[in-house]
Amino acid sequence: RNSRRRFLPLELALVNEKTPVTREALEALVRVHPRALLSLELNNADDFGDSSRQHVENADIVKKAKRTYLGDDSDYRSITFQLMGFPASRDEAPKECFYDEYRGCSYLVDWPKVEGHLEEHPEEAKVMCPTSFAFEGGCLLFPLEAALKIAHPHVPLSTVQLLLRLYPEVVDIPDSTALYYACCLRKREDPDVIRAVLSANPALAALGGHDGVFQIWENMGLPIHEAVRLPCALEILPDLIEAHPASLEALTDTFSQTPLQVAAELSSQVPTDVLRILLQYGHRHGACAGRHTGGPLFVVADDDNSAMDHIMDTPGMIDEPRVWENTRLAMQAAGAYRTGVSAERMWEYPLLHATVEFGRRRKCVFERVYAETDRNARNRVDALGRTPLAVAIDSAHSTQNNDYGWDDEEEEDFLKLNTIIRRLLDGQIGWPQSGSIPMPSDDDEYAPSLPLHKALHQGICLEDGSEHILNAFPTALSIPDPVTGLIPCLLAAVGERASVKTIFELIMKRPDLIINLCKHCSEGVHSNIGTMASKRQKCRDL
């Protein structure tokens with residue numbers, strides 16, 4: 001009563017003296033969660049309360065269950081575990097244990113011999129034994145779980161199928177780590193072993209290292225977090241995602257990373273097709289929808305980095321083919337998330353548009369994409385009807401670029417917005433006509449705005465790129481903005497980023513516009529003055 005320890009249902013059921021648990025209920029509790037026997041300190045009939053027939057029967061059931069799941073000899077491991085390389089004594093830790101790429105106990109196991117022994121002694125498939133690793137706290141594993149941890153050689157499919165046939169309930173236990181261990185060995189190349197465990201109980205895709213009786217050190221995420229690193233990731237990831245789509249949004253206990261962030265952190269090692277699967281399935285299942293317009297690519301982990309941060313900051317981005325392909329893929333996916341393109345068509349999103357919006361104005365990225373994009377591709381619009389110029393204007397002060405700032409001095413590795421706009425409107429290699437193509441309005445009540453209107457509204461002054469837009473379509477100077485009704489020289493005076501220099505230069509380019517405006521204003525003022533004088537005279541007469 002004074003203990004603060006949490007009790008399992010099996011323990012509580014056995015100490016209930018007022019209403020003894022029935023034989024059927026007790027057998028069901030043991031069958032569903034046999035690992036609960038580990039914490040059970042009730043061994044004799046006297047430990048179960050009174051000496052009623054029911055309590056005596058319950059004591060016998062527990063004794064039988066302990067023999068079934070913990071073995072007849074409490075001092076020695078089962079022969080199955082010994083054949084897998086574990087010492088005979090339960091108190092002795094494996095002497096030749098080492099980790100294969102952070103996971104897996106390495107023993108040279110004769111798996112056909114293990115299978116032969118299990119065929120003769122099928123009851124041992126249910127017997128748990130300690131693996132005695134310090135980080136496991138002395139907890140016990142079933143033969144299937146232990147076999148899936150062994151790295152040299154990896155457990156073959158035939159052994160896994162045999163263990164599942166002899167004890168199929170092993171994957172139904174609430175704290176089963178079978179699938180998690182199956183995905184942990186970094187050099188596992190055969191996806192069929194993982195599929196065998198997953199097909200036996202697809203719900204294991206939602207059970208990770210932090211859900212077991214003990215916690216597995218390192219990431220402690222779901223099986224998918226480990227599977228992204230596997231050589232067979234391309235084959236097994238779709239199965240894991242379909243079994244538990246929510247796993248795409250699941251976070252590891254360490255660094256709070258999604259599977260995509262784990263893959264992005266290893267961008268130089270993860271194949272492009274693996275990243276493609278995570279991005280496409282993430283889009284299809286709406287992973288992290290609403291957290292950011294860039295979808296799961298922009299969810300920030302505990303290390304203050306998003307998947308896009310990891311991909312864009314990978315060393316050798318341009319020089320290494322795999323890293324460059326991953327960079328292209330990530331930018332296209334971000335554009336598809338942003339514009340609502342379907343998962344089936346997301347790789348058709350224009351790469352130049354994606355680079356302008358999500359390329360973090362990295363010079364090497366923009367220059368390479370621009371060089372690889374032909375004139376027809378540069379003259380495309382995206383799913384929102386935006387030209388590359390419109391994308392540049394829209395993203396000038398967006399969240400994605402805030403940390404980099406379009407207004408900074410141009411550095412060796414970064415481009416100013418002015419340079420981006422100039423290249424996009426270049427008469428020889430760009431699309432100067434895009435300066436006259438209206439940009440889609442954010443509000444359905446208003447007509448589309450010209451690029452110059454939108455740029456000035458965004459606070460992009462002439463020296464930051466608006467001058468190139470104006471030169472591409474000078475007629476815009478006399479066209480009022482459909483949202484505010486102001487001509488450009490007046491629109492430039494609106495907002496916190498208003499520039500006196502920009503206002504003056506716009507007026508000087510077409511002074512006739514402001515002269516006419518002043519005349520109309522003057523006539524209106526005189527008219528108002530006459531009206532007010534007439535009203536005051538009438539008041540005096542009264």
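1. The secondary structure of this protein comes to 26 helices and 4 strands, and the reader should keep in mind from the start that the model is a predicted one. The protein has 542 residues, of which buried residues make up 50%. Among the contacts with a separation of 6 or more, 67% are accounted for by residues 24 or more positions apart.

2. The largest nonpolar core has 142 residues, and those with the most contacts inside it are Leu-148 and Leu-297. Helix H15 gives the largest share of this core, with 8 residues. Leu-148, when residues up to four places away in sequence are not counted, touches Val-155, Val-160, Ala-178, Tyr-181, Ala-182, Leu-185, Arg-188, Val-193 and Val-197.

3. One of the residues that Leu-148 touches, Val-160, also appears among the buried residues of helix H7, which spans residues 157-166. The buried set of H7 consists of Thr-159, Val-160, Leu-162, Leu-163, Leu-164 and Leu-166. These buried residues pack against three helices, namely H5 (111-120), H6 (143-149) and H9 (191-200).

4. Helix H15, which covers residues 321-339, includes Tyr-337. Tyr-337 has a relative accessibility of 12%, and because the cut-off for a buried residue is under 20%, Tyr-337 counts as buried. The C-alpha atoms of Tyr-337 and Leu-297 are 9.2 Å apart in space, although the two residues are 40 residues apart in sequence; Leu-297 is one of the two residues named above for having the most contacts inside the largest nonpolar core.

5. How do H15 and H16 pack, and at what angle? The angle between them is about 90°, with their axes 8 Å apart, and that makes H15 roughly perpendicular to H16. On the H15 side the contact is made by Arg-328, Met-331, Gln-332, Ala-334, Gly-335 and Arg-338, and on the H16 side by Leu-351, Ala-354, Thr-355, Glu-357 and Phe-358. By residue class, the contact of H15 with H16 divides into 5 nonpolar, 3 polar and 3 charged residues.

6. A second packing partner of H15 is helix H17 (residues 363-372), and here the angle is about 85°, with the axes 12 Å apart. Since angles of 65 to 115 degrees count as roughly perpendicular, H15 and H17 are described as roughly perpendicular to each other. In this contact Trp-324, Arg-328 and Met-331 of H15 meet Val-365, Arg-368, Val-369 and Glu-372 of H17, and the residues of the contact divide into 4 nonpolar, no polar and 3 charged. Arg-328 and Met-331 are thus named on the H15 side of the contact with H17 and are also named on the H15 side of the contact with H16.

7. Two loop residues deserve a look for their backbone angles. Arg-360 has a positive phi of about 55° although it is not a glycine, and Arg-360 is found in the loop between helix H16 (351-358) and H17. Is Arg-360 buried or exposed? At 6% relative accessibility, Arg-360 counts as buried. Ser-256, likewise a residue other than glycine, has a positive phi near 50° and lies in the loop between helix H11 (233-243) and H12. With a relative accessible area of 18%, Ser-256 is buried.

8. On the other side of H12, the place of Pro-271 is in the loop between helix H12 (259-265) and helix H13 (272-284). Pro-271 has a relative accessible area of 35% and is therefore partly exposed. Not counting residues up to four places away in sequence, Pro-271 touches Arg-322 and Asn-326. Pro-271 and Val-228 are 43 residues apart along the chain, and their C-alpha atoms are separated by 9.6 Å.

9. Finally, a point on cysteines: the count of disulfides comes to 0. As for where individual cysteines sit, Cys-364 counts as partly exposed at 32% relative accessibility, whereas Cys-461, at 11% relative accessibility, counts as buried.

Terms used
Residues are numbered from 1 along each chain as its sequence is written. This is a predicted model: local features need pLDDT of at least 70, side-chain atom pairs count only at pLDDT 80 or more; totals for chains, interfaces and linings use all residues. Side-chain values use heavy atoms; hydrogens and water are left out. A disulfide is a pair of cysteine sulfur atoms within 2.5 Å. Buried means under 20% relative accessible area, exposed over 50%, partly exposed in between (1.4 Å probe, protein chains only). Contact means heavy atoms within 4.5 Å. Axes are lines fitted to C-alpha atoms, for helices over the stretch in contact, and angles run from 0 to 180 degrees between N-to-C directions. Angles under 35 degrees count as roughly parallel, over 145 as roughly antiparallel, 65 to 115 as roughly perpendicular and the rest as oblique. Ala, Val, Leu, Ile, Met, Phe, Trp, Tyr, Cys and Pro count as nonpolar, Asp, Glu, Lys and Arg as charged, and the others, Gly among them, as polar. A nonpolar core is a set of buried Ala, Val, Leu, Ile, Met, Phe, Trp, Tyr and Cys residues joined through side-chain atoms within 4.5 Å.
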